[in-house]
Amino acid sequence: MISGTIKSGDWKGEKHVPVIEYEREGDLIRVEVSVGKEVPHPNTVEHHIAWIELYFQPEGSNFPVMIGRVAFTGHDDPMTEPRAVFFFRTSRKGKLQALSYCNLHGLWENEVELE
Ligand SMILES: [Fe+2]
């Protein structure tokens, strides 16, 4: 990540930070990424979360693999929730990283260890 351009923080107090929650069933990984879980983020044409991306960096690898990207394009009615579920398969452990993009406040990231 390029220092200074991607912000992070505690998602419980900073509404832009993506929340990463996962479940493992054997080698099937289900990951839910959401923005605004504790402190809702605005969702208007003028100010909204435009997309979320999820990456997985396996232990021993020196770069993350992109798992997927979801764009949110409804901001009135219908209004899309900045929340997405990704599925992928791996037997490996590693690091899950999520990026979220606010059209006014830029890029935000969070990461959790995948056990
Ligand atoms: Fe924002």
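Two strands pair if DSSP finds at least two bridges between them, and strands themselves are DSSP runs of E with at least two residues, just as helices are runs of H or I with at least four, both numbered from the N terminus. The model treated here is predicted, so that local features need pLDDT of at least 70 and side-chain atom pairs count only at pLDDT 80 or more, while totals for chains, interfaces and linings use all residues. Residues are numbered from 1 along each chain as its sequence is written.

**Exercise 1. Determine the secondary-structure content and the overall dimensions of the protein.**

Step 1. The protein has eight strands and zero helices, and its pattern along the sequence reads β-β-β-β-β-β-β-β.

Step 2. The radius of gyration, taken over C-alpha atoms, is set against a globule rule of 2.2 Å times the number of residues to the power 0.38. For 115 residues a compact globule would have a value near 13 Å, and the 14 Å of the protein agrees with this.

Step 3. Along the principal axes, the C-alpha atoms fill a box of roughly 40 × 30 × 20 Å.

**Exercise 2. Describe the sheet of three strands, and explain why one side of each edge strand has no neighbour.**

Step 1. This open sheet has the strand order 2-3-6, and its pairing is antiparallel.

Step 2. Strand 2 (19–25) and strand 6 (83–89) stand at the edges with a single partner strand each, which means that one side of each has no neighbour in the sheet.

Step 3. The twist from one strand to the next averages 15°, where axes are lines fitted to C-alpha atoms (for helices over the stretch in contact) and angles run from 0 to 180 degrees between N-to-C directions.

Step 4. Strand 2 and strand 3 (residues 28–34) run antiparallel and are joined by seven bridges; tyrosine 22, for its part, has valine 31 of strand 3 as its bridge partner.

**Exercise 3. Trace the sheet of five strands from one edge to the other.**

Step 1. The order in this open sheet is 1-8-7-4-5 with mixed pairing, and its edge strands, strand 1 (6–7) and strand 5, pair on one side only.

Step 2. Strand 1 runs parallel to strand 8 (residues 106–114), with two bridges between them, and isoleucine 6 has leucine 107 of strand 8 as its bridge partner.

Step 3. Strand 8 pairs with strand 7 in the antiparallel sense over nine bridges; asparagine 110 of strand 8 stands opposite alanine 98, and a hairpin of three connecting residues joins strand 7 to strand 8.

Step 4. Strand 7 (residues 94–102) and strand 4 (residues 49–58) are antiparallel over nine bridges, and isoleucine 49 has cysteine 102 of strand 7 as its bridge partner.

Step 5. Strand 4 and strand 5 (residues 65–71) pair in the antiparallel sense over six bridges, with tryptophan 51 opposite alanine 71 and leucine 54 opposite glycine 68.

**Exercise 4. Locate two backbone features that deserve attention.**

Step 1. Most residues other than glycine have a negative phi, and most peptide bonds are trans.

Step 2. The hairpin of strand 4 and strand 5 has six residues between the strands, and glycine 60 in its turn has a positive phi of about 90°.

Step 3. A cis peptide bond, with omega of about 10°, joins aspartate 77 and proline 78, and proline 78 lies in the loop between strand 5 and strand 6.

**Exercise 5. Contrast the nonpolar core with an exposed loop residue.**

Step 1. A residue is buried if 20 or more other C-beta atoms lie within 10 Å of its own, exposed if 12 or fewer, and partly exposed in between, with C-beta atoms placed from the backbone. Buried residues make up 24% of the 115 residues.

Step 2. A nonpolar core is a set of buried Ala, Val, Leu, Ile, Met, Phe, Trp, Tyr and Cys residues joined through C-beta atoms within 7 Å. The largest one holds 15 residues, of which Val31, Val33, Ile49, Ile52, Leu54, Leu96 and Ala98 touch the most other members, and strand 3, strand 4, strand 6 and strand 7 each supply at least two of its residues.

Step 3. Two residues are in contact if their C-beta atoms, placed from the backbone, lie within 7 Å. Apart from neighbours within four places in sequence, leucine 54 is in contact with Val31, Val33, Ile67, Gly68, Phe86, Leu96 and Ala98.

Step 4. Valine 45, in the loop between strand 3 and strand 4, is exposed because 9 other C-beta atoms lie within 10 Å.
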